[in-house]
Amino acid sequence: MIGLLNLGSLVLGLIAWILPVVNLMRYKKHDYRNWVTLSIMSISACAISLCFQIFYNYHLVKIADWSALMDITDNMAFVAAVLLIVTIILNAITLLVYHGRTAK
């Protein structure tokens, strides 16, 4: 059951990147509805994905699997940073593109 945390983290990370891309693709169709909702969902998916990784690390500490922790911690920290940075950049681009368009 704990292994599902990694799968859930991967799926939510992909969702965090896909939602802003969908937002940007909808811009060309002059569909300005719900872009804020999709951006909030994207950031929330990123946060939950990172939380799943923290829970997985907690599980490894709880069962005292120190070799697994030493093996995955550096890569997990790098991937978590990439997920967070890319999600923020994609949502910032969405904010810049849609800024002022919804008021019309």
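Is cysteine 46 buried or exposed? Hold that thought for a second, everyone, and good morning. What you have in front of you is a predicted model, so please keep that in mind as we go. And the answer: cysteine 46 counts as buried, with a relative accessibility of 2%.

Let me stay with the cysteines for a moment. The disulfide count for this model comes to zero. Cysteine 46 takes part in no disulfide, and the nearest cysteine sulfur, which belongs to cysteine 51, lies 11 Å away. Why is there no bond for cysteine 51? Because its closest cysteine sulfur, the one in cysteine 46, is 11 Å off, and that is too far for a bond. A disulfide in this count needs the two sulfur atoms within 2.5 Å. As for surroundings, cysteine 46 is buried, whereas cysteine 51 is partly exposed, at 29% relative accessible area.

Now, on to the domains. The domain assignment splits the chain into domain 1, residues 1-30, and domain 2, residues 33-103. Taken over C-alpha atoms, the centres of these two domains are 10 Å apart.

So how many residues of each domain are in contact with the other? On the domain 1 side there are 16, and they meet 27 residues of domain 2. Between them, domain 1 and domain 2 bury about 2,000 Å², and carbon and sulfur atoms supply 68% of that area. If you'd like some residues to click on, try Trp17, Asn23 and Tyr27 in domain 1: they lose the most area to domain 2, together 28% of what the domain 1 side buries.

What about polar interactions across this interface? Salt bridges between domain 1 and domain 2 number zero. Polar contacts do turn up, though, with seven residue pairs across the interface of the two domains. And the side of domain 1 that touches domain 2 is made up of ten nonpolar residues, five polar ones and one charged residue.

That's my tour: two cysteines without a disulfide, and two domains with an interface of about 2,000 Å² of buried area. Thanks for listening, and I'm happy to take questions!

Notes. Residues numbered from 1 in each chain as written. Predicted model: local features only at pLDDT ≥ 70, side-chain atom pairs only at ≥ 80, totals over all residues. Heavy atoms only, no water. Domains from an automatic or database assignment. Contact = heavy atoms within 4.5 Å. Buried area = accessible area lost by both parts, 1.4 Å probe. Salt bridge = Lys/Arg side-chain N within 4 Å of Asp/Glu carboxyl O. Polar contact = N/O pair within 3.5 Å; in protein donor to acceptor, adjacent residues only side chain to side chain. Nonpolar A, V, L, I, M, F, W, Y, C, P; charged D, E, K, R; others polar. Buried < 20%, exposed > 50% of the residue type's maximum accessible area, 1.4 Å probe, protein only.
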